[in-house]
Amino acid sequence: MLGEVTEVNEDGHVQVRGILTMTETNRFYRAESVLFKLDRMGQRFHSLEEMQDYVDQTLERWYRETKVWRQVKVTLNRRAKRVALARLRDFTIIIPARRDTRFHYFWTEYLLLHELAHLLGNTVSHQLHYRETLCRLLDLAGLSSEKQILMDSVMQHGMQMPWSKSND
Ligand SMILES: [Zn+2]
């Protein structure tokens, strides 16, 4: 995710932004940080229940669209304040429990969609297939203008997007 965030991959490999050189993941974090800077993170949530409801509703829409049915559990990480991750092994999204004001973007719609895209795309990477899944989710959520901002930023950071600017 964004900012000083660590992500733990399925195999337990830890990636910390800013330490690695510009891998695709790091470039993607940098590209998506525009949404945080512009405060275009979608809805903000105030409880775990709200986040779980949102994920359930999104997965229902995903099912209607794709006929792929998934259930995803959202849990809180009470230890690490800066870690959000998607665990492919048991389809769980783990969100920091405490809403530190510096990291308030954790309890937002965009963050949940970012992590859901890992689970629905079945990938720990942020490569093209991942970005395509994320874009579909943003459209499904009605965040198409946020999607456009993200796509523009991703392309400015030298990465490909699945569709051209005029999306039709
Ligand atoms: Zn990610």
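Which residue in strand 5 is the bridge partner of threonine 75? The partner is isoleucine 94. This report places that pair within a predicted model.

## Overall make-up

The protein chain holds 5 helices and 5 strands. Read from the N terminus, the order of these elements is β-β-α-α-β-β-β-α-α-α. Of the 168 residues in the chain, 33% are buried. Among contacts between residues at least 6 apart in sequence, 54% join residues at least 24 apart.

## Confidence

The mean pLDDT of the protein chain is 83, and 78% of the residues score at least 70. By element, helix 2 has the highest mean, 97, while strand 2 (residues 14-16) has the lowest, 47. The pLDDT is below 50 over residues 8-21, a stretch with 19 contacts in the model beyond near neighbours in sequence. Residues 164-168 also have a pLDDT below 50, and that stretch has 0 contacts beyond near neighbours in sequence. Where pLDDT is low, the predicted coordinates should not be read in detail.

## The sheet

Three strands form an open sheet in the order 3-5-4, with mixed pairing. Strand 3 (73-77) and strand 4 are the edge strands, each pairing on one side only. From one strand to the next the twist averages 30 degrees. Strands of a sheet pair through backbone hydrogen bonds, either parallel or antiparallel.

Strand 3 pairs with strand 5 in the parallel sense over 5 bridges, and the bridge between threonine 75 and isoleucine 94 belongs to these two elements. Strand 4 and strand 5 run antiparallel and are joined by 3 bridges. On that side, leucine 85 stands opposite isoleucine 94, and arginine 87 stands opposite threonine 92. Isoleucine 94 in strand 5 is thus named with a partner in both pairings: threonine 75 and leucine 85. Strand 4 and strand 5 make a hairpin with 4 residues between them. In its turn, phenylalanine 91 has a positive phi of about 50 degrees.

Helix 2 lies across strand 3 and strand 5. The helix runs at about 150 degrees to strand 3.

## The nonpolar core

The largest nonpolar core has 36 residues, and Ile93, Leu113 and Leu116 touch the most other members. Elements giving two or more residues to this core are helix 1 (24-37), helix 2 (48-66), strand 4 (85-87), strand 5 (92-96), helix 3 (109-120), helix 4 (128-140) and helix 5 (144-156). Helix 3 supplies the largest share, 7 residues.

What does leucine 116 touch, leaving out residues up to four places away in sequence? Its contacts are Val55, Thr58, Val72, Ile93 and Leu137. One of these, Ile93, is also among the residues that touch the most other core members.

## Helix 1

Helix 1 has 14 residues. From its first C-alpha to its last it reaches 20 Å, close to the 20 Å expected at 1.5 Å a residue. Phe28, Tyr29, Ala31, Glu32 and Leu35 are its buried residues. These buried residues pack against helix 3 and helix 5, and both of those helices contribute to the core as well. After helix 1 comes aspartate 39, with a positive phi near 55 degrees.

Notes: Residues numbered from 1 in each chain as written. Predicted model: local features only at pLDDT ≥ 70, side-chain atom pairs only at ≥ 80, totals over all residues. Core = buried A, V, L, I, M, F, W, Y, C linked by C-beta atoms within 7 Å. Buried ≥ 20, exposed ≤ 12 C-beta atoms within 10 Å, placed from the backbone. Contact = placed C-beta atoms within 7 Å. Expected span 1.5 Å × (residues − 1). Pairing = 2+ DSSP bridges. Axes fitted to C-alpha atoms, helices over the stretch in contact; angles between N-to-C directions. pLDDT = per-residue confidence, 0-100.
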